[in-house]
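Reader: I want to know what stands behind the labels on this model. Take me through them one at a time.

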Amino acid sequence: MSIIVFFAVLLLLGSAATNNAIDGVKGFQAPIFKVERTDSVVSLDDMRGHWVLLQFWSSSDARSRIAGKQYTAIEQKLNDGQSAERFHLLSVNMDRSERLFREIVRRDGLSAETQFHIEGNRANQLINDYHLESGMQSFLIDPSGRIVAKNPTEQTLTQLTCD
C-alpha cells in the first residue's frame, strides 16, 4: 500500500511541475513551436539568445487585446537606440478568421512584423501546451528559453531585460 501511495505522490508532483512550467514558474523551458505567414517563419527555438515576450491573444479577449497594444509600445521603447535588438515580441492571434485578425492588427496599430495568426489544430496544440483554456496569456522567456514571468508588467519587462 505504501508503494502505491509513494507513486501517487510522485505522479501528483510530476503533474504539478508540468503545469508550473507553463504557468510561468521561473526556470522551466517554454514549449517550442513555430508560426508561419506568407512572408516569414518564426520559431521560438530560433529566438534563443534574446528575451522574448510571447503573447497569445484573440479579438474576443479584451484584456489580451489591450495588452497587445501595450506590449508593442514597450518593445519599441526597450529596443529604441539599440544596435541589436535584445527584446522581441512574438504575438500569436488565435481568432477563427485570419481576415478578422488582419483587420484588428490594422485598427489597433500593431506592428505587423510581430503578429502571427494560427487556427485549428495548431491553435489547439498551443492552447494545451501553454494551458490557455482560461484565457489568453503572455510569457516572458529568457535568452536560454526558460519562462521567467507570466503576464509581465512594463516594470518587470524593463527590470529583467535591461539588467
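Author: Start with the words helix, strand and loop. Helices and strands are DSSP runs, of at least four residues for a helix and at least two for a strand, numbered from the N terminus. Histidine 131 lies in the loop between helix 4 and strand 7. Bear in mind that this is a predicted model.

Reader: What makes the phi of histidine 131 worth a remark?

Author: Most residues other than glycine have a negative phi. Histidine 131 is not a glycine, yet its phi is positive, about 50°. Asparagine 151 also has a positive phi, near 50°. Asparagine 151 is found in the loop between strand 8 (146-150) and helix 5.

Reader: Why is histidine 131 called partly exposed?

Author: Buried means under 20% relative accessible area, and exposed means over 50%. Histidine 131 has 27%, so it is partly exposed. Asparagine 151 has 30%, so partly exposed is the label there too.

Reader: Why is aspartate 95 called buried?

Author: The cut-off for buried is under 20%. Aspartate 95 has a relative accessible area of 6%, so it counts as buried. Aspartate 95 sits in the loop between strand 5 and helix 3 (98-108).

Reader: What does aspartate 95 touch, leaving out residues up to four places away in sequence?

Author: Contact means heavy atoms within 4.5 Å. By that test aspartate 95 touches Ser58, Ser59, Ser60, Leu100, Phe101, His117, Ile118 and Glu119. Take glutamate 119: it is 24 residues from aspartate 95 in sequence and 6.7 Å away in space, C-alpha to C-alpha.

Reader: And aspartate 45: which exposure class does it fall in?

Author: Aspartate 45 has a relative accessible area of 39%, between the 20% and 50% limits, so it is partly exposed. Its place is in the loop between strand 3 (40-43) and strand 4. Aspartate 45 and lysine 34 are 11 residues apart in sequence and 8.1 Å apart in space, C-alpha to C-alpha.

Reader: What is the overall layout, and how many helices and strands are there?

Author: The protein has 5 helices and 8 strands. Along the sequence the pattern reads α-β-β-β-β-α-β-α-β-α-β-β-α. Of its 163 residues, 42% count as buried. Among contacts with a separation of 6 or more, 68% are between residues 24 or more positions apart.

Reader: How do you know that helix 2 has close to the expected span?

Author: The expected span is 1.5 Å times one less than the number of residues. Helix 2 (residues 62-79) has 18 residues, and the expected value is 26 Å. The helix reaches 26 Å from its first C-alpha to its last.

Reader: Which residues of helix 2 are buried, and what covers them?

Author: The buried ones are Ser64, Ala67, Gly68, Tyr71, Thr72, Ile74, Glu75, Leu78 and Asn79. Their cover includes strand 4 (51-57), strand 5 (87-93), strand 6 (115-117), strand 7 (138-141) and helix 5 (154-161).

Reader: What makes a group of residues a nonpolar core?

Author: The members must be buried, be of the nonpolar kinds counted, and be joined through side-chain atoms within 4.5 Å. The largest such core has 22 residues, and Phe33, Leu44, Leu54, Phe56, Leu90, Val92 and Tyr130 touch the most other members. Strand 4, strand 5, helix 4 (120-129) and strand 7 each give two or more residues to this core. Strand 4 has the largest share, with 3 residues. A second, separate core of 12 residues includes Leu53, Ile74, Leu78 and Leu157.

Reader: Why is a space called a cavity, and how many of 30 Å³ or more are there?

Author: A cavity is a set of points where a 1.4 Å probe fits but cannot get out. The structure holds 2 of 30 Å³ or more. The largest has a volume of about 60 Å³. Its lining includes Asp45, Arg48, His50 and Asp142. By class, that lining has 7 nonpolar, 2 polar and 3 charged residues.

Reader: What lines the second largest cavity?

Author: Gln55, Trp57, Ser64, Arg65, Gly68, Ser91, Leu110 and Gln115 do. They divide into 2 nonpolar, 5 polar and 1 charged. Gly counts as polar, so Gly68 goes in the polar class. Helix 2 gives the most to this lining, with 3 residues.

Key
Residues numbered from 1 in each chain as written. Predicted model: local features only at pLDDT ≥ 70, side-chain atom pairs only at ≥ 80, totals over all residues. Heavy atoms only, no water. Buried < 20%, exposed > 50% of the residue type's maximum accessible area, 1.4 Å probe, protein only. 1 Å grid on protein atoms, 1.4 Å probe; cavity = no way out; pocket = protein on both sides within 12 Å on 5 of 7 lines; lining within 4 Å. Points joined across faces, edges and corners; volume = space filled by probe spheres on them.
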